[in-house]
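Please open the model in your viewer with the backbone drawn as a cartoon, and keep a selection box at hand for the stops that follow.

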Amino acid sequence: MTIPFNRPTTVGKETEYMQQALQNRHISGDGQFTKKAHTLLEESLGVPKVLLTTSCTHALEMSALLLDLKEGDEVIVPSFTFVSTINAFVLRNAKPVFADVRPDTLNIDESKLEALITPRTRAIVVVHYAGVGCEMDAILEIANRHGIPVVEDNAHGLFGKYKGKLLGTFGVMATQSFHETKNFTCGEGGALLINDPKYIEDAEILREKGTNRSRFFRGQVDKYTWVNVGSSYLPSDMLAAFLLAQLEEREQIQARRRQIWETYYTELGAWAEENHVSMPFVPAHCEQTYHMFYLLFPSLERRQAAIAHLKERGIQAVFHYLPLHLSPMGEKYGGKVGDCPVTEQISDQLLRLPFYTNMTEEEQMQVIEALKEFSM
Ligand SMILES: *Cc1c(COP(=O)(O)O)cnc(C)c1O
């Protein structure tokens, strides 16, 4: 492929910071760079506590443990998402309850949420698809009325906003991903944002193998010991160093991604209209994160033909999530065709174009020209 779907973002200072971590002789977790990344995220987001983790999947697992999910508890989740969004809860023996998405933003359809709530519902997990905010006012109103905590899987949405408020600051917790396909990366990595302070101490213990080591390092106890269940969810300070270099350049990264997104949007507008292809929809009250650029084709057959057409020209375009309720695991929980009709339809129609921070203008024009040669 001459133009891949993704290339990891690089900004320049990553290796310098990693060298510094080595010179600090602290390459395990919670070193100087981890602390700097925590502070940067806490201050820029206004979140009381941020903890870097080894992945978004692990941050989701932490949230399932912190919410104390047990066998038979139900968790509402969009069917149109990555497996980890729900797998983390299923790992605690919770039962997934799949919600359909809105046909415009492809986010969880808040108008269908209430009908899915039962006395066993213990969490609602939302995903801000493509970094465009879910309808948080309506979702929180329903969740609060039923006393159900909301977790935001904000893997696409770091620094995005809904009605002027940052994504990741609505739920009791939110999770971030720094996988190489995301806007900011360290290869594999993530973060747990904790908005409800009552979870902070348990989260620190959980992330530090079930010990009160964090309190020990702050001098709040004179030795540390095993106080609860836990695991090891700390990334190496080498990875935090790599990540910090990118977080410090967040404005530059987002500005470049915005340019790429807007170029696709304006250059492909007329072609899309002629060919009955839908462009992404961003409500006026949402500030998106320019995480991806997708198109909705009229049918699966046309979408597949477009993938083949681009592939012949050395361009890698890809589809996205398959409906989780129709996966072998989803079927085990009773999922069947027709449960989430919008998800089933858009999953067949959606195509993501090559999109990465370091994409050149020539590369992007090549993609645009190739697509314009494709007609229905
Ligand atoms: C990427 C992604 C994840 C998983 O992130 P990892 O850091 O790879 O564990 C979870 N949810 C969504 C919506 C994602 O896009």
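Which unit do β2, helix α4 and β3 make? Select residues 84-90 for α4 together with the two strands, and you have a right-handed β-α-β unit, where right-handed means that, with the strands pointing away from the viewer, the path from the first strand over the helix to the second runs clockwise. The model is a predicted one, in which local features need pLDDT of at least 70 and side-chain atom pairs pLDDT 80 or more, while totals for chains, interfaces and linings use all residues. Residues are numbered from 1 along each chain as its sequence is written, and side-chain values use heavy atoms, with hydrogens and water left out.

Helices (H or I, at least four residues) and strands (E, at least two) are DSSP runs, numbered from the N terminus, and two strands pair if DSSP finds at least two bridges between them.

Next, select residues 74-78, strand β2, where 5 of the 5 residues are buried, so the strand is largely enclosed by the rest of the structure; buried means under 20% relative accessible area with a 1.4 Å probe, protein chains only. Glu74, Ile76 and Pro78 lie on one side of β2, Val75 and Val77 on the other.

Add residues 95-99, β3, which runs parallel to β2 and is joined to it by 5 bridges, with Val97 as the bridge partner of Ile76. Then add residues 121-127, β4, which pairs with β2 in the parallel sense over 3 bridges, and where Ile124 stands opposite Ile76.

Finally, turn to the open antiparallel sheet of 3 strands, in the order β7-β6-β10. Here β7 (165-166) and β10 (286-287) stand at the edges, each with a single partner strand, so one side of each is left without a neighbour in the sheet. Select β6 (residues 161-162) to see Lys161, which stands opposite Leu166 in β7.

How values were computed
Buried < 20%, exposed > 50% of the residue type's maximum accessible area, 1.4 Å probe, protein only.
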